[in-house]
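Student: I'd like to go through a model and press you on the labels people attach to it. Can we do that together?

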Amino acid sequence: MDKALQAFGEKFLKYVLATTHLDADPTPQQRETISLLEDNIARLDQENIDGLNRYSTLQNFVAQTLQGGPSLANQMRLHCGGILPVVNDEDPLVANLVRFAIDVYPLLLISPPKDHTFPGKLSMAATFNHTNRHDFYTSVMRDELLSSIFAHSPESDHDNTSEQSHLGIQSDPLFFSNGKSGGIQLTSLPDSLLDYAWQICLAKGGAEIDEYLEEVRTTLGVARRIVEGKQAQVYTIVGLGGVRLEDNQSIDLSFGRLIAVQEAALEAIVRHRDLQQRTQAFLLVPTPLKIMGNISGDAEVDQFYKKNSDVFESHRGDLEYNILRTRLALLLASTDERLVASPVTFQTTLEPLTSSSGYSWLPIDFSGASVNISAETALRVKNWSNILKERHPKSLNIAARRLLSAVSTRFDATDALIDAVVAWENMFGSPQEATLRVTGAMAKILEQNSFDDRKKLKSRLGEIYAARSDLIHGSHGKEPTRSAIYTYRQEAIRYALDALRWLYDNPTLLKKNSADRSLSILLDAIEETGDSVTPLARGQD
């Protein structure tokens, strides 16, 4: 069994052998199945097929279907005493897609080669060579909604149900509310839908066949809603570094779900090895998406983008705002000893109606240590996400971004110090008397025991502020030492965090601009609201 295990992986073998324990003595049927698999492996060894070609050949072998029956992988499962889900869907399109999904599922369990990366969505031989593919294509072209995206294809004919007629059908270019565009061939549609559903299923932490089939049904509903011109919910998957969750742990937050990364999910979603190594958690962000139009011609496309630039920018801004507040919630939930920094390693918005997907990433490494999220920390993160949803003003986005960069992605202590002090200014700065406003307001809110303590803190804040100014303005001979810069950085970050926490505890000040905010603090003009941030949210265990 060792050869089969190495070639196909543990999950695939457990599925086709219909067992939960590979170390148990195999039944005669299981021995026959293992022998069939290893005979195919021996043939590949003789032909010296390796890498991606080997992986593809293994997929093609177990994806074979004959006379409308299940795939070879599923025939093996039945032979070993396993069962397959029953398809009872009345909608013919749903039923045909679910049948595809049942035969595709075991292929998705095959372990990909570790030394190769994949440029995009995997091509699924189980759909293009499936004996029931013609039924699926026909049901799409008879579907009132999905057929509309293929309406302008020269080969499109609802009454022509010949298999050959389906091969050239392609949609018009589809333009989405996130600013992306793309088209899809009819023959690629099942691959796109099934791949989308699998990635979402994995990102949510599920990989059982029933979970996958439910996600497939949901995906088809999403696709139909998008085609109808209505807004549908898809997902943006965001990779985060610097934060580790326990196995199978997930945290439902106001802006998405934070999920522990599983190896299978990394391999399916993040197809670049360097990103896999840097990604330690997923943030699954619900993202609205709709079709804005289907147009062609360079002039029309340029005009379309200019006309809808505000829509595209609003979509991008809303998404980034949710990601920012999630990362800020993690940071605010930190203890002073271990700051939870969470740099974004990549992000991708999954779309079920395009034949390719891409993602953006940061070509930099994390500058700090990873932090394990305990159950207590998870509660604080949830609490802070609720607070930020209710109270965080966009006017403090600069403070949030600069503080996060100071903690997570700045290798140089000077850059981190500058970022942290910019966060001070975003909270309390003023065009006039900037140093007095910033340091005075921060000293007053952070040190409330006595006048002497506030005076001492203001002096220290002023020293940090002056060091930052000397560094920015290149004051020759006045630059602080490297050890002093490191100390200033640490203190500047801690003071910025404490000030932010205090502001969320005094929400009336969040409605003011930075100058009015600092003036209100200095003049004791803070309105009493009775609102408070709980001790749990403050990062106290």
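Tutor: Sure, we'll take the labels in turn and check each against its cut-off. Keep in mind that this is a predicted model.

Student: Let's start wide. What makes up the protein chain in terms of helices and strands, and what share of its residues count as buried?

Tutor: The protein chain has 23 helices and eleven strands. Of its 541 residues, 53% count as buried. The accessible surface comes to about 24,900 Å², and carbon and sulfur atoms hold 47% of that. As for contacts with a separation of 6 or more, 74% are between residues 24 or more positions apart.

Student: How do you know that Arg 54 and Asp 45 form a salt bridge?

Tutor: Check the distance. Their closest N and O atoms are 3.0 Å apart. The cut-off is 4 Å between a side-chain nitrogen of Lys or Arg and a carboxyl oxygen of Asp or Glu, so the pair counts. By this rule the count comes to 18 salt bridges.

Student: And why is Asp 45 called partly exposed?

Tutor: Because its relative accessible area is 40%, and the partly exposed class runs between 20% and 50%.

Student: What makes Arg 402 and Asp 419 a salt bridge, and where do the two sit?

Tutor: Their closest N and O atoms are 3.0 Å apart, and that is within 4 Å, so they qualify. The pair links distant parts of the chain: Arg 402 is in helix 17 (residues 397–408), Asp 419 is in helix 18 (residues 413–428), and they are 17 residues apart.

Student: Is Asp 419 buried or exposed?

Tutor: Asp 419 has a relative accessible area of 1%. Buried means under 20%, so Asp 419 is buried. Arg 402, at 32%, counts as partly exposed.

Student: What about Arg 410, which salt bridge does that residue form?

Tutor: Arg 410 also pairs with Asp 419, with the closest N and O atoms 2.6 Å apart. That is within 4 Å, so the label holds. Arg 410 is at 31% relative accessibility, so it counts as partly exposed. Elsewhere, Asp 91, Asp 143 and Arg 224 are linked in a network of salt bridges.

Student: On to nonpolar residues. Which residues form a nonpolar patch on the surface?

Tutor: Leu 519, Leu 522 and Leu 523, with about 250 Å² of accessible area together. Leu 519 is found in helix 23 (residues 514–522).

Student: What makes Leu 519 eligible for a patch?

Tutor: Its relative accessible area is 34%. Patch residues need over 30%, so Leu 519 passes on that count. It is also called partly exposed.

Student: And the inside? Which residues have the most contacts in the largest nonpolar core?

Tutor: Tyr 212 and Phe 282, in a core of 87 residues. The largest share of this core, eleven residues, comes from helix 6 (residues 92–108). There's also a second, separate core of 73 residues, and it includes Ile 251, Phe 255, Ile 445 and Trp 502.

Student: What is notable about the phi of Ala 18?

Tutor: The phi of Ala 18 is positive, about 55°, although the residue is not a glycine. Ala 18 is in the loop between helix 2 (10–16) and helix 3 (28–46). At 31% relative accessible area, Ala 18 is partly exposed.

Student: Why is Glu 433 called exposed?

Tutor: Because its relative accessibility is 53%, and exposed means over 50%. Glu 433 has a positive phi too, about 50°, although it is not a glycine. It lies in the loop between helix 18 and helix 19 (434–446).

Student: Last one: how do you know that strand 1 and strand 2 pair?

Tutor: Two bridges join strand 1 (residues 174–176) to strand 2. Pairing needs at least two bridges, so the strands count as paired. They run antiparallel, and the bridge partner of Leu 174 in strand 2 is Gly 182.

Student: What is the order of the open sheet, and what makes a strand an edge strand there?

Tutor: The open sheet has three strands in the order 2-1-8, with antiparallel pairing. Strand 2 (181–182) and strand 8 (291–293) are the edge strands, as each pairs on one side only.

Notes
Residues are numbered from 1 along each chain as its sequence is written. This is a predicted model: local features need pLDDT of at least 70, side-chain atom pairs count only at pLDDT 80 or more; totals for chains, interfaces and linings use all residues. Side-chain values use heavy atoms; hydrogens and water are left out. Buried means under 20% relative accessible area, exposed over 50%, partly exposed in between (1.4 Å probe, protein chains only). Helices (H or I, at least four residues) and strands (E, at least two) are DSSP runs, numbered from the N terminus. Patches are made of residues with over 30% relative accessible area and no salt bridge: like charges are joined within 9 Å, nonpolar side chains (Val, Leu, Ile, Met, Phe, Trp, Tyr) within 5 Å. Accessible areas come from the Shrake-Rupley method with a 1.4 Å probe; for residues, only the protein chains shown count as cover. A nonpolar core is a set of buried Ala, Val, Leu, Ile, Met, Phe, Trp, Tyr and Cys residues joined through side-chain atoms within 4.5 Å. Contact means heavy atoms within 4.5 Å.
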